[in-house]
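Visitor: Could you take me through one part of this model up close? I'd like a connected account rather than a list.

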Amino acid sequence: MKKEPILNNSAICKGRILAIKDTMELLSGKWKFHILGTLLQGDKLRFMDLLREVDGIGAKMLSKELQDMEMNHLISRTVLNTKPVTVEYEMTDYGKTLAPIIDEIAKWGTAYRNALHNESGNQ
């Protein structure tokens, strides 16, 4: 007989777990944080600028990730009436709410790397 979970069975906990799952699905993948961080720093960027800034990403993958983030209202896409056509991307107001989260993840990652480096140096 399988035991019911005790700690994760409350409505509040189930809601938090669902919210975390949704967030992780939305931001999952190798490139999203890099693209979002670049757009947060660069304000409005054209596709080719993003392609140059996000080291290692291919045009097809960048296009897919941008479409996904636009669909989820994290970024906006503006087609400019130029010859040839120019497309600019920028963070939406809602997407900009990720800035403190991205900053905290970066701080945590830096502290974690430093802790590992110091730990391995003490052995």
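**Around L26 and the K32–D68 pair**

Guide: Let's start with L26: setting aside residues up to four places away in sequence, L26 touches K32, D68, N72 and L74. Bear in mind that this is a predicted model. L26 itself lies in helix 1, which covers residues 11–27, and with a relative accessible area of 26% it is partly exposed. One of those partners, N72, is 46 residues from L26 in sequence, yet the two C-alpha atoms are 7.8 Å apart.

Two of L26's other contacts, K32 and D68, also pair with each other. K32 and D68 form a salt bridge, with the closest N and O atoms 2.8 Å apart. That pair links distant parts of the chain, since K32 sits in helix 2 and D68 in helix 4, 36 residues apart. Both K32 and D68 are buried.

The story doesn't stop at two residues, though. Salt bridges with shared partners join K32, K64, E65 and D68 into one network. E65 belongs to helix 4, residues 59–71. Is E65 buried or exposed? At a relative accessible area of 4%, E65 falls under the 20% cut-off, so it counts as buried. Beyond its neighbours within four places in sequence, E65 is in contact with W31, K32 and I35.

For contrast, look back along helix 1. There K21 forms a salt bridge with E25, the closest N and O atoms being 3.8 Å apart. K21 and E25 are four residues apart in helix 1, so about one helical turn separates them. K21 is partly exposed, at 48% relative accessibility. Across the whole structure, a search finds six salt bridges.

Now follow helix 2 outward from K32. The sheet to look for is an open one of three strands, ordered 1-3-2 with antiparallel pairing. Its edge strands are strand 1 (45–46) and strand 2 (75–80), each pairing on one side only. Helix 2, residues 32–42, packs on this sheet and touches strand 1, strand 2 and strand 3, with its direction at about 95 degrees to that of strand 3. Strand 2 and strand 3 (residues 86–91) are paired in the antiparallel sense over six bridges, and S76 stands opposite E90 in strand 3.

Helix 2 also has a residue at the surface: F33 is found in this helix, and F33 is partly exposed, with a relative accessible area of 33%. Together with I101 and I105, F33 forms a nonpolar surface patch of about 250 Å² accessible area.

Technical notes. Residues numbered from 1 in each chain as written. Predicted model: local features only at pLDDT ≥ 70, side-chain atom pairs only at ≥ 80, totals over all residues. Heavy atoms only, no water. Pairing = 2+ DSSP bridges. Helix = DSSP H or I, 4+ residues; strand = E, 2+ residues; numbered from the N terminus. Contact = heavy atoms within 4.5 Å. Axes fitted to C-alpha atoms, helices over the stretch in contact; angles between N-to-C directions. Patch = residues over 30% accessible without salt bridge, like charges linked within 9 Å, V, L, I, M, F, W, Y side chains within 5 Å. Areas by Shrake-Rupley, 256 points an atom, 1.4 Å probe, with all protein chains shown as cover. Salt bridge = Lys/Arg side-chain N within 4 Å of Asp/Glu carboxyl O. Buried < 20%, exposed > 50% of the residue type's maximum accessible area, 1.4 Å probe, protein only.
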